[in-house]
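Colleague: Please take a close look at the strands of this model and at how they are joined to one another. I would also like to hear about the side chains that accompany them.

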Amino acid sequence: MASRAFLITVIVVVAAAVTPALAADYMVGDNAGWNLGVNFTTWAAGKDFRVGDTIMFMYTPGTHNVLKVNGADFNQCVSSNASAVPLTSGNDVIALSTPGKKWYICDVADHSKGMKLVITVSAAEGPIPAPVPGSPALTPPATSAAGGVSPLKTCAWMVAVTAAYKMIMA
């Protein structure tokens, strides 16, 4: 009986630890990054952006920036929000925290004519943990450039499923 309780505890702990980690991390433009000459409409096509995912804009600082705009401003390649502050680090990570359409442009010179990204963010399938106060800033994770679930996370899920199967069959 004690081993069964232990297995249940292990499954619950693994499921609780792995489920929030299933959020995907996307590098905008994949290996080409946030740069001129990349078709960001094609890049975003077929991707399933969800609340809890992150998008990373990687570029050489000083050459580009990232500015979140509304749909009308996106179509006009400008920002009507005078107080909007563009991201300029060259390693800009944006957490997708709400569902809906999101529009981003580069407002350096005429770059927004080609450097425009629109995505639709769907609601998460499960609960998203709140950020921990005082936690360090996000750094680009070591997932593939296209985003997705890491092999370690997949392995953890397989171990949890195997443990559950063994517990049920015992």
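Modeller: Two strands pair if DSSP finds at least two bridges between them, and the strands themselves, like helices, are DSSP runs numbered from the N terminus (E, at least two residues for a strand; H or I, at least four for a helix). This is a predicted model, in which local features need pLDDT of at least 70 and side-chain atom pairs count only at pLDDT 80 or more, while totals for chains, interfaces and linings use all residues. Residues are numbered from 1 along each chain as its sequence is written, and side-chain values use heavy atoms, with hydrogens and water left out.

I begin with strand β3, which spans residues 54–58 and is mostly covered, four of its five residues being buried (buried means under 20% relative accessible area, exposed over 50%, and partly exposed in between, with a 1.4 Å probe and protein chains only). Strand β1 (residues 25–27) runs parallel to β3 and is joined to it by three bridges, with aspartate 25 standing opposite threonine 54. Strand β5 (residues 91–95) runs antiparallel to β3, and five bridges join the two; here threonine 54 stands opposite alanine 95.

Four strands make up an open sheet of mixed pairing, in the order β2-β7-β6-β4. Its edge strands, each pairing on one side only, are β2 (49–50) and β4 (67–69). Strand β2 runs parallel to β7 (residues 116–122) and is joined to it by two bridges, and the bridge partner of arginine 50 in β7 is serine 122.

Arginine 50 also takes part in a salt bridge with aspartate 48, the closest N and O atoms being 3.1 Å apart, where a salt bridge is a side-chain nitrogen of Lys or Arg within 4 Å of a carboxyl oxygen of Asp or Glu. A search of the whole structure finds one salt bridge. Both partners count as partly exposed, aspartate 48 with a relative accessible area of 40% and arginine 50 at 23%.

Phenylalanine 49, by contrast, is buried, as is tryptophan 43. The whole structure holds five aromatic pairs; in one of them, tryptophan 43 and phenylalanine 49 are tilted, at 5.9 Å centre to centre and 45 degrees between the planes. Rings of Phe, Tyr and Trp (its six-membered ring) pair if their centres lie within 6.5 Å, and planes under 30 degrees apart count as stacked, over 60 as edge-to-face and the rest as tilted. Elsewhere, ring pairs link Trp34, Phe40, Phe57 and Tyr104 into a cluster.
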